[in-house]
Amino acid sequence: MHQSARLIPALIAGALLAAGALLLSACEEPKPEPKPEPSPAPVVEKTPASQEQLAAVERFRNGTVELLKELESCSAELLALGNQFLEQTKEDKLDALKTQWQLCFNQYQASTVLMATNPEQQTILAEARSRLGNPLTMPGFIDSVEEYPYSGIVNDASLPLDAETLRQQHGITDEAEVSIGFDVVAFLLWGEHRQQQDLPPRPVSDYESATSWEDSTTDLPIEEHPNNRRRRLLGLTLELLAADCQALVGSWQSGGVPDSQEAFTEWRQHQLQALADGLSQQQENPVLRKHLINWLRNQIVPGVELDELTEDASTEALLQRLSGAEDIQPAATTGPG
């Protein structure tokens, strides 16, 4: 015991000496070289857009807004025809509604060739176009399909059917979840066999007001019958479509201007390319042809010099005018001109 007691102070002293030696060696180690400060990013000098360039932007915006105003009026008429159909569910009224939808859709498709003049407007336009033009790749999200006869918003009586809910459901967890826009209205009007001419379209009876349940054991109110919910859904989607088309006009008119000559040049190149690509991809769209010819004849398209242009000009002739502009590549054509 006495020997162990004597060893303890000695061990403590040895530990203190060792710790001191470590501290001294640490103090004697050279300090690391300081890291060099990162070089500041070079400042890119931009030349303010000229008055001529700003005037060209305004001329183009004012000259093209007519197309969007036509879309606004068309969607309002589409809503009116939809209400008439829901009041009298007859075949001829459904046909009139389909014809009006196609006209409005052609106008919307033509409007997608208009390019934003600055990033802020691009964000606004992208959001507006997602509400109007997102494709309905999962129709079962909206209504019954052959494989799932009880699917979709129409058959989900637990989901409130109002404008706020439809906007919330649009892209709620994925872009494929589409609850508003042109494709939704088309699915409600034609059904799932729209592209298959050999199969029957949606019957008018799907929109006849239901006054009683086929199953007497159902305790849900008759307002939640699929026919009645489908009727409400069609009316709501038409209302939202008209409102979003109206908002699109404001988004285009209130867009800013390029903040520099470089930004103007970039916008002009994108806009000309979008016109060429749109014309190539939408050759069956008479609305785009009509407006593009007017824009070219009235010389509101920036960077394009024209000679005489007739209303029956071929697609190739129009593409040639657009591709003749500086830095624009000809768009490949598909199908007849």
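**Exercise 1. Helix 2 and helix 8**

Determine how helix 2 passes helix 8 in this predicted model, and describe the contact.

Solution.
Step 1. The handedness comes out as left-handed for the crossing of helix 2 with helix 8.
Step 2. Helix 2 covers residues 51–87 and helix 8 covers residues 226–253; their axes come within 9 Å and cross at roughly 165°.
Step 3. Angles over 145 degrees count as roughly antiparallel. Helix 2 and helix 8 are therefore roughly antiparallel to each other.
Step 4. Sorted by class, the residues of this contact are 17 nonpolar, six polar and five charged.

**Exercise 2. Helix 9 and helix 11**

Find the relative direction of helix 9 and helix 11, and list the residues through which they meet.

Solution.
Step 1. Two packed helices are described by the angle between their axes and the distance between the axes.
Step 2. For helix 9 (residues 261–281) and helix 11 (residues 315–323), the axes come within 10 Å and the crossing angle is roughly 165°.
Step 3. With the cut-off for roughly antiparallel set at over 145 degrees, helix 9 and helix 11 are therefore roughly antiparallel.
Step 4. The crossing of helix 9 with helix 11 is left-handed.
Step 5. On the side of helix 9 the contact uses Leu272, Leu275, Ala276 and Leu279; on the side of helix 11 it uses Thr315, Leu318, Leu319 and Leu322.
Step 6. The class count for this contact is seven nonpolar, one polar and no charged residues.

**Exercise 3. Helix 9 and helix 10**

Give the geometry of helix 9 against helix 10, then the residues in the contact and their classes.

Solution.
Step 1. Helix 10 is made of residues 286–297; its axis and that of helix 9 come within 10 Å and cross at roughly 145°.
Step 2. Helix 9 passes helix 10 with left-handed geometry.
Step 3. Helix 9 contributes Leu275, Gly278 and Leu279, and helix 10 contributes Leu288, Arg289, Leu292 and Trp295.
Step 4. These residues divide into five nonpolar, one polar and one charged.
Step 5. Leu275 and Leu279 belong to this contact, and Leu275 and Leu279 also belong to the contact of helix 9 with helix 11.

**Exercise 4. Phe264 and Asp259**

Decide for Phe264 and for Asp259 whether the residue is buried or exposed, and state which residues each one contacts beyond its sequence neighbours.

Solution.
Step 1. Phe264 is located in helix 9. Asp259 sits in the loop between helix 8 and helix 9.
Step 2. Buried means under 20% relative accessible area, and exposed means over 50%.
Step 3. The relative accessible area of Phe264 is 6%, so Phe264 is buried. Asp259 has 58% relative accessibility and therefore counts as exposed.
Step 4. With residues up to four places away in sequence left out, Phe264 touches Gln53, Ala56, Val57 and Pro258. Under the corresponding exclusion, Asp259 is in contact with Pro48 and Ala49.
Step 5. Phe264 and Ala56 are 208 residues apart along the chain, with their C-alpha atoms separated by 9.6 Å. For Asp259 and Ala49, the sequence distance is 210 residues and the C-alpha separation is 6.1 Å.

**Exercise 5. Ser111**

Place Ser111 in the secondary structure, classify its burial and list its contacts.

Solution.
Step 1. Ser111 belongs to helix 3, which covers residues 91–111.
Step 2. Its relative accessible area is 1%; under the 20% cut-off, Ser111 is therefore buried.
Step 3. Outside the four places on either side in sequence, Ser111 touches Leu67, Leu68, Leu71, Arg129 and Leu248.
Step 4. One of these, Leu248, is 137 residues away along the chain, and the two C-alpha atoms are 9.7 Å apart.

**Exercise 6. Gln299**

Locate Gln299 and state the sign of its phi angle.

Solution.
Step 1. Gln299 is in the loop between helix 10 and helix 11.
Step 2. Most residues other than glycine have a negative phi.
Step 3. Gln299 has phi near 55°, a positive value in a residue other than glycine.

**Exercise 7. The whole chain**

Summarise the secondary structure, burial, contacts and surface of the protein chain.

Solution.
Step 1. The protein chain has eleven helices and zero strands.
Step 2. Of its 337 residues, 42% count as buried.
Step 3. Among contacts with a separation of 6 or more, 70% are between residues 24 or more positions apart.
Step 4. The accessible surface is about 19200 Å², and carbon and sulfur atoms account for 53% of that surface.

Technical notes:
Residues numbered from 1 in each chain as written. Predicted model: local features only at pLDDT ≥ 70, side-chain atom pairs only at ≥ 80, totals over all residues. Heavy atoms only, no water. Axes fitted to C-alpha atoms, helices over the stretch in contact; angles between N-to-C directions. Helix = DSSP H or I, 4+ residues; strand = E, 2+ residues; numbered from the N terminus. Parallel < 35°, antiparallel > 145°, perpendicular 65-115°, else oblique. Left-handed = near helix turned anticlockwise from the far one by under 90°. Contact = heavy atoms within 4.5 Å. Nonpolar A, V, L, I, M, F, W, Y, C, P; charged D, E, K, R; others polar. Buried < 20%, exposed > 50% of the residue type's maximum accessible area, 1.4 Å probe, protein only. Areas by Shrake-Rupley, 256 points an atom, 1.4 Å probe, with all protein chains shown as cover.
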